[in-house]
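Biologist: Please show me the model, and then let us go through its sheet step by step.

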Amino acid sequence: MRHRSILATAALALSLLLPGAGQAQQPDRSRPGKDNGPPAVTAGFTARERQILADYFSRHRTPVKPLPPGIAKNLARGKPLPPGIAKQRLPSDLLRQLPPRQGFEIAVVGDRVVLLEARGLVVDILADLFR
């Protein structure tokens with residue numbers, strides 16, 4: 001009985017001295033490195049940008065072709081734009097309405113509007129603007 005009491009006391013003392021003892025170690029995401037995985041995509045279309053784009057495309061009917069199913073499936077946030085996809089620039093009058101974004105590009109890809117970062121990663125996708 002006394003032996004169990006000593007072990008319990010030792011375990012309690014250890015847990016107080018070493019916070020997180022007995023818990024799984026989590027990777028340190030505060031510094032880049034090979035164990036941290038791919039960088040998280042944190043930006044996206046703002047509510048204001050969504051509204052400007054929705055208003056513009058509701059007033060200006062734009063002919064678009066839906067993406068083939070295989071390509072549409074590969075178009076995802078946090079992934080690079082699939083190779084061979086043609087992107088179209090937004091009309092200049094629409095670009096003037098949108099707030100400037102350093103290091104990002106907004107383009108039409110098939111029947112979607114995408115926000116791309118400078119390296120070509122897809123940051124956000126709007127799929128329902130051309131209905």
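The questions below deal with the strands and one helix.

Modeller: This is a predicted model, and I will answer from it.

Biologist: In what order do the four strands of the open sheet lie?

Modeller: The sheet is open and its pairing is antiparallel. Its edge strands, each pairing on one side only, are S1 (87-89) and S4 (122-126). From one strand to the next the twist averages 35°. The order is S1-S2-S3-S4.

Biologist: Which residue in S2 does Lys87 stand opposite?

Modeller: S2 covers residues 104-109. S1 and S2 pair in the antiparallel sense over three bridges. Opposite Lys87 stands Val109.

Biologist: What is the bridge partner of Leu115 in S4?

Modeller: S3 and S4 are antiparallel to each other and pair over four bridges. In S4, the partner of Leu115 is Asp124.

Biologist: Which residue in the hairpin of S3 and S4 takes a positive phi?

Modeller: The hairpin has four residues between its strands. The phi in question is near 95°, and the residue is Gly120.

Biologist: How many residues of S4 are buried?

Modeller: Buried here means under 20% relative accessible area. By that cut-off S4 is mostly covered. The count is five of its five residues.

Biologist: At about what angle to S4 does helix H2 run?

Modeller: Helix H2 is formed by residues 47-59. H2 lies across S2, S3 (112-117) and S4. Its angle to S4 is about 45°.

Note on methods:
Residues numbered from 1 in each chain as written. Predicted model: local features only at pLDDT ≥ 70, side-chain atom pairs only at ≥ 80, totals over all residues. Heavy atoms only, no water. Pairing = 2+ DSSP bridges. Helix = DSSP H or I, 4+ residues; strand = E, 2+ residues; numbered from the N terminus. Axes fitted to C-alpha atoms, helices over the stretch in contact; angles between N-to-C directions. Contact = heavy atoms within 4.5 Å. Buried < 20%, exposed > 50% of the residue type's maximum accessible area, 1.4 Å probe, protein only.
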